[in-house]
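Biologist: Could you walk me through reading an interface, one step at a time?

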Amino acid sequence: MLNEWLYLGIFLTIALAIPAAALFIAGLLSPKKPNPIKDSTYECGMETVGVSWVQFKVQYYIYGLVFLVFDVETVLLYPWAVAYNKVALYGVLEVILFVAILASGLLYVWRKGALEWV
Amino acid sequence: MTGMQILFLITSAVVLFSSIMSVTAKRMIHSALWFVLALLGVAVVFAMLEASFFAVVQVLVYVGAIAILIIFATMLTRRALEDKGDQFNRATLVTLVIVSIIFAGLVVSLKSWAPLQNLTSPLSAEQLNVGVLGLALTAPDGFTLPFEVTSILLLAALIGAIYVAYERKEKKK
Amino acid sequence: MNFIYDPVPWVINWLTQLLLGWGLPINLVNTLLYLVGAVLICLGAMLFTTMLIWAERKIGGRFQDRLGPNRVGPWGIFQSIADMLKIFTKEYINPVGIDKIPFNLAPILAVAAVLAIWAVIPFSETVFGANINVALLFIIAIGGLGEMAIILAGFGSNNKYALLGAFRAVAQLISYEVPMVIVLLIPVMFSGSMGLNEIVQAQKIPFIIYAPVACVIFFICSIAENGRAPFDLIEADSELVAGYNIEYSGLKFGMFFVADFLHAFTSAIVFTTIFLGGWQGPGVEQMPVLGGAYMLIKTLVVYFLMLAIRFTLPRFRIDQMMALNWKILTPLALVTLLVTALVDKSIPHEMTLVRIGALVIVNVLLWLLADRMITAYRKRNPIQVVTGKARPLARPEILPVVEKEAAQ
């Protein structure tokens, strides 16, 4: 098992190194002639107005939140799915209860109108 | 020193450094990004302990969900991204002293804890199977009640957070 | 072990013997071989991307009644290579006010997050990368790094539109991860493992037959995760300038491009592995190298299907896209999971045919039910058609008759 993780670690390092190397080589090959107009922020083609880090609406946060709850829920279900062939019907009913409780949460969010993109 | 130990030292150094940076960084989003690096380091430690499931869950839940939620939350705050304020105040020194005392106490009490004295044996292939965890969670004589309570806890978190975050909208109607 | 029947393990074996013969310790030899394998796969995948870009442009051209690339080499096959050489010599423009480290890290991370998936894919019975027992979750988790790359790009660019594009992209990606993670429980249930090798080995009959609804949900979600049409709001150039990568130039932009095209192909591979039986096919026991060929053929079919969808369907609006995810796919995925678990548990596994029949019937019923509910919902809430004022036309006679009547 540890060998597999070693391979994965090496692979991840290489996967980071190859694009980095490509970017580095391209940086050597490419011309460097900056000037103030070229280096100004493109934005949408106009002059930038105000600061770039604007405040966002709460909708993104709500999606993030619902996603987080469902992500944690599903991660808890994965060990059960691996053991599925060994669990009795009782285990399945238990998971149905587990999911039903959370589905009611989804229903609440839905009814509240928090899932609408406005 | 084996390769494992060197790797562990490097990872721990990265985790510690990025944790400190995440506390002291001036801009909130930089803190969040350093925090992500610290979480990734912890995932590597899990992988080295052969806890595959927890290594992956660490990345999936913490980096993939919680960190993104934190970044979304920083974007909700007004002008926090350009905040150049001082990261330390008068309480910093006092807190540092208290935390050091607690940490020293932890180290001392852990040193006398029996399971830390001898090395644990490597897990067998059977124990590494994630299914064991699943069976324990859902078997009638296992952890059924905690499993279901988790679901209720998650539900409470969801409803509570939506209630707090969404109140403003309802008033408008 | 014979070279023709199974070339890759033969070469690995030969190399191991050779290096051991030089007196190197076995651990070092293994590490070296891992390194060589990783470099070969990563480089191969990235160079293969040039072919993918060519294929996509050519097929897209044919779908839209154009020629596509046709100048460089036969059928324009070297077009992407010429493009690649050109982009290597393009200047990097660093706009003022960028956050240097996130800005430069983002393109690297975007490619690495896609490449990392190749580490766990079993290409044939004997050729596979890391056989970790949580490979399925690893694929999902590594997608989180891709999201992080988008956030880094949007935030590092010092550009309101890039930031807005990045956040919309991440909102889309995390939303579609929910039904995807839920339906992936179904193959795990059937195979009793999260390792991709075990999942493929369990698919003597591909899982698409056991769980067609889950398969369709997964397919839709993987298109959305790629940010391909009809879910290409990530790159909605009519609304967001060009999305999160607007300030990038030269190869830094090219890296996002590579990540995008490679991700499409990679998700076709993942779909093949999880639902179409990967390398399974007739005669793979005798000749494992056939498995690689089966895998390639299946992947190309799935990839072609993705391209067909991309070049045929128009784009969703963002509220429609979110509604599709949270109000249709997520509830449907949850119900599919529970019903599949219940039906599968109540039928003994020895009665294979009955089991498959029951699962197929249940899935068809689920699909019909979902369709019914959507239709009923649409009837209650009809889509509002918003039209502007009728404008005077320069040449009204060229309009088709129907439209002319509508205008009157």
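Here is a short chat about two interfaces in this predicted model.

Biologist: How many residues of chain A are in contact with chain C?

Modeller: Start with the head count on each side: 72 residues of chain A touch 85 residues of chain C. Then look at the area. Chain A and chain C bury about 7,000 Å² between them, and carbon and sulfur atoms give 76% of that. Tyr7(A), Tyr78(A) and Tyr84(A) supply 11% of the area that chain A buries there, more than any other three residues.

Biologist: Which polar features does the rule find between chain A and chain C?

Modeller: Check charges and polar pairs separately. The rule finds zero salt bridges across this interface, but seven residue pairs in polar contact, both partners at pLDDT 80 or more.

Biologist: And which element of chain A gives the most to that side?

Modeller: That would be α1(A), with 21 residues. By residue type, the side of chain A that touches chain C has 52 nonpolar, eleven polar and nine charged residues.

Biologist: What about inside chain C: where do its domains run?

Modeller: The domain assignment gives domain 1 as 1-85 and domain 2 as 90-317. Their C-alpha centres lie 19 Å apart, and the contact takes 19 residues from domain 1 and 24 residues from domain 2. Together they bury about 1,900 Å², with 81% of it on carbon and sulfur atoms.

Biologist: How many salt bridges does the rule find across that domain interface?

Modeller: Two. For polar contacts, it finds three residue pairs there, both at pLDDT 80 or more. On the domain 1 side, α2(C) gives the most, with twelve residues.

Terms used
Residues numbered from 1 in each chain as written. Chains lettered and ligands numbered in written order. Predicted model: local features only at pLDDT ≥ 70, side-chain atom pairs only at ≥ 80, totals over all residues. Heavy atoms only, no water. Contact = heavy atoms within 4.5 Å. Buried area = accessible area lost by both parts, 1.4 Å probe. Salt bridge = Lys/Arg side-chain N within 4 Å of Asp/Glu carboxyl O. Polar contact = N/O pair within 3.5 Å; in protein donor to acceptor, adjacent residues only side chain to side chain. Helix = DSSP H or I, 4+ residues; strand = E, 2+ residues; numbered from the N terminus. Nonpolar A, V, L, I, M, F, W, Y, C, P; charged D, E, K, R; others polar. Domains from an automatic or database assignment.
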